[in-house]
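Here is a short walk through a structure, one piece at a time. Have the viewer open and follow along.

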Amino acid sequence: MKKSYTITAFSENHVGLLNRITIIFTRRHVNIETLTVSASAIKGIHKFTIVINDTKEKVEKVVSQIEKLVEVLKAYYHTDDEIVHQEIALYKVPTRALLESNTLEKTIRNHNARILEVTPEFTVIEKTGHKEETQELFEILNKYGVKQFTRSGRVAITRSKKELLTSYLKEVDKAQSIHITNNN
Amino acid sequence: MKEQTSITDIEKKDKMTKITGSEALMLSLLQEGVEVIFGYPGGAIMPVYDALMNHEDKIRHILTRHEQGAIHAAQGYARVTGKVGVCMTTSGPGATNLITGVADAMVDSTPIVCLTGQVTSPLLGSDAFQETDVIGITMPVTKWNYLVTQADEIPEVIAQAFYIARTGRPGPVVIDLAKNAQFGELNFKYKKCTSIRSYVARPEIEADKIKEAAKLINKAKKPYVLFGQGVILGRAEKEFRAFIEKSGIPAAWTILGKSALPTDHPLNVGMLGMHGNYGTNIKSNECDVMIAIGMRFDDRVTGDLSKYAKQAKVIHLELDPAEINKIVKADVAVLGDVKESLPMLTEKIERKTHESWIKEFKDCDKIEYEKVINKALYPDKPGLTMGEVVRIITEKTNGEAIVVTDVGQQQMFASRYVKLNHTRSFVTSGGLGTMGFGLPAAHGAKIGAPDKVVIGIIGDGGFQMTIQELATINQTQAAVKLVLLNNTYLGMVRQWQQLFFNKRYSATKLKNPDFIKVAEGFGIKGRKITERSTLENGIEEMLNYDGPFLLEVEIEKEANVFPMVPAGASVSDVMFSSD
């Protein structure tokens with residue numbers, strides 16, 4: 001049965017790693033729903049958060065192939081209920097249309113959205129939440145004619161009590177110390 | 001004043017000790033024990049070739065006639081020596097010509113370091129002359145790759161390249177060297193790489209798993225070992241033998257595992273897979289415990305997965321975590337180096353024999369012998385068979401030779417019928433099935449094992465894919481023995497057309513050149529055999545000849561390889577003939 005899985009991979013911060021990771025999906029004809037790459041809390045280590053919709057079997061294989069990459073330290077996968085996750089969405093709406101509405105305040109308030117910028121021509125509204133939530137606000141705002149809409153990839157934090165990577169790194173540090181070529 | 005002088009001194013000393021990136025590359029290769037490079041020069045690698053001249057006494061360069069020839073030779077060299085094979089080419093077409101070999105080395109876990117020239121860094125991405133995105137192109141088919149843009153990166157990157165290529169599950173590494181890094185200067189200091197924090201070369205073995213595996217093995221009535229190249233790559237041939245000899249378990253091999261156990265070993269029950277033995281295949285679906293050691297359940301081994309070994313508990317001893325449960329779900333997965341895990345397991349298992357179970361294999365062998373083997377090795381019809389050629393080669397070399405094959409029917413006949421006594425004596429393109437592999441790989445194998453008899457068994461199709469390497473052989477005069485089995489067809493494809501495409505022989509008939517004349521033109525002595533009566537004499541002449549030799553044998557045109565598990569069929573459904 002296909003469902004949503006969030007893959008997190010921790011890697012060295014090296015040129016080309018994004019490509020190395022994505023070709024693992026491409027080769028197996030797995031579509032990436034969202035992808036976010038950023039520095040992790042640990043210096044020099046980057047974190048990839050990748051959402052796919054597939055079977056458990058497929059996600060397990062993909063994760064072991066990611067972890068096999070020389071420059072990847074660890075890769076994990078989680079179902080949606082094992083993580084706390086968010087996406088951010090920005091909406092650009094004509095200011096005039098908003099001014100003419102009498103439910104705008106309620107909409108913003110109910111959706112926990114906020115206004116980032118207002119000009120005579122347009123207003124930029126921001127909302128964080130799950131995809132369904134940012135989508136719901138889109139449907140409402142689109143009645144006023146959304147001129148631009150953008151949504152980020154998912155970021156996620158695990159619910160587990162053990163910090164997987166930190167304990168892994170401690171083990172590694174104990175065992176050895178040499179780093180792979182540093183590109184920084 | 002005094003202080004100033006000392007700074008100038010340091011600067012002077014620094015200048016004196018600075019060397020170029022190309023020179024540093026050579027010194028790094030020497031530190032890694034490199035003795036041979038197979039390569040082909042060109043614009044973007046010229047500084048390195050220039051530095052190479054300073055070290056000709058220690059590093060031998062073999063100039064191939066095509067970069068594909070270079071990498072296949074490096075593969076042959078690596079497979080017989082256990083060392084890292086090294087090849088070197090220029091940028092652009094030089095590098096792209098390596099790709100087939102890189103992909104081959106990746107799927108067959110061969111340790112290779114490819115050094116490719118690259119345009120100078122400021123020109124990267126500018127579509128400069130002979131610029132190709134080599135890192136991008138090789139990414140899916142390398143274990144690791146790296147673009148060097150500064151000279152001072154070279155020692156550390158080369159140390160890592162060799163470490164990554166040879167440790168863990170070995171594989172190819174491509175190091176792309178921008179020309180400015182080859183020219184640039186650095187203070188050379190070399191430190192061998194012994195670990196990389198993001199890379200686990202040897203996973204720790206879990207004692208619990210050994211216990212679980214031993215328990216299953218001790219209870220088993222029909223245990224069955226399937227072994228692959230992992231035994232050879234892990235240098236665990238001795239440990240493997242100790243394990244099967246104590247447990248008394250019959251053992252069958254994948255094509256790449258062939259030489260890990262002497263062919264004549266009483267527990268060696270033969271070859272697995274599409275053209276493997278009858279017993280080894282059908283017993284996969286009859287054993288109660290299957291012990292897979294350093295093998296990856298290739299689809300040519302398993303046939304239809306939904307009908308494969310469903311009755312068996314599966315124990316999988318494997319170094320690469322990504323291979324566990326990839327194809328066949330393991331009931332007990334023993335992750336780790338078989339060199340360590342096998343002795344742990346041997347200690348925990350009971351000494352046993354499985355006579356009646358082994359007899360079941362022998363009974364299958366009798367059936368196979370009557371239906372297929374006897375006809376293949378001792379034909380009573382006029383046409384020469386690949387089987388009889390392989391049989392006579394084995395008889396004349398007493399299992400002491402290194403045999404290298406190309407891909408296709410000759411590969412299957414060689415795999416099935418060559419007898420071998422020693423490890424690392426069978427070199428073939430397994431996972432990728434690369435036609436054109438045999439000729440250069442045989443040459444590389446002979447370079448790596450000059451004291452051994454090295455025989456390349458090659459078909460007329462594959463021979464013509466890398467035929468230019470005859471010139472390389474003429475230049476090195478390596479005494480490699482090439483046996484060309486010529487049936488004027490792309491035999492394996494033709495066999496499938498006969499069996500599965502109503503004998504519609506689409507694009508498989510070859511109009512061949514006069515191979516002996518071609519060889520002569522390349523300066524290689526040759527002889528053509530067309531009659532059974534001269535075959536033995538021809539093989540003797542080839543083996544006794546002091547130098548490289550081409551023996552062409554005219555083979556019956558439309559012969560087939562049997563037994564056969566057709567693609568997508570169960571390993572229980574073995575075909576013995578086309579009828």
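Which residue of β3(A) does E12(A) stand opposite? The partner is I45(A). Bear in mind throughout that this is a predicted model.

**The sheet of chain A**

That pair belongs to two antiparallel strands of chain A, β1 (residues 3-12) and β3 (residues 45-54), and ten bridges join them. Zoom out a little and you get an open sheet of four strands in chain A, ordered β2-β3-β1-β4, with antiparallel pairing. At the edges sit β2 (32-39) and β4 (72-79) of chain A, each of which pairs on one side only. Ignoring direction, neighbouring strands of this sheet are turned against each other by 15 degrees on average.

Two helices of chain A go with these strands. Helix α1 lies across β1, β2 and β3 of chain A, while helix α2 packs on the sheet and touches β1, β3 and β4 of chain A. Here is how they line up:

| Helix (chain A) | Residues | Angle and strand |
|---|---|---|
| α1 | 17-27 | about 160 degrees to β2(A) |
| α2 | 56-68 | about 165 degrees to β4(A) |

As for domains, chain A is split into domain 1 (3-82) and domain 2 (84-151). Taken over C-alpha atoms, the centres of these two domains of chain A are 31 Å apart.

**The core and helix α8 of chain B**

Now over to the nonpolar cores. The largest one has 203 residues, and the members that touch the most others are C87(B), V113(B), I175(B), I315(B) and V483(B). Which element gives the most to this core? That would be α8(B), with nine residues. There is also a second, separate core of eight residues, including V93(A), A113(A), L141(A) and Y144(A).

Pick V483(B) for a closer look. Setting aside neighbours within four places in sequence, V483(B) is in contact with V389(B), I393(B), I455(B), G456(B), I457(B), I458(B), L551(B) and V553(B).

Back to helix α8 of chain B, which covers residues 154-166. From first C-alpha to last, its 13 residues reach 18 Å, close to the 18 Å expected at 1.5 Å a residue. Why can we call α8(B) largely enclosed by the rest of the structure? Because 13 of its 13 residues are buried. Just after α8(B) comes G168(B), with a positive phi of about 60 degrees.

Definitions and conventions: Residues numbered from 1 in each chain as written. Chains lettered and ligands numbered in written order. Predicted model: local features only at pLDDT ≥ 70, side-chain atom pairs only at ≥ 80, totals over all residues. Expected span 1.5 Å × (residues − 1). Buried ≥ 20, exposed ≤ 12 C-beta atoms within 10 Å, placed from the backbone. Core = buried A, V, L, I, M, F, W, Y, C linked by C-beta atoms within 7 Å. Contact = placed C-beta atoms within 7 Å. Pairing = 2+ DSSP bridges. Axes fitted to C-alpha atoms, helices over the stretch in contact; angles between N-to-C directions. Domains from an automatic or database assignment.
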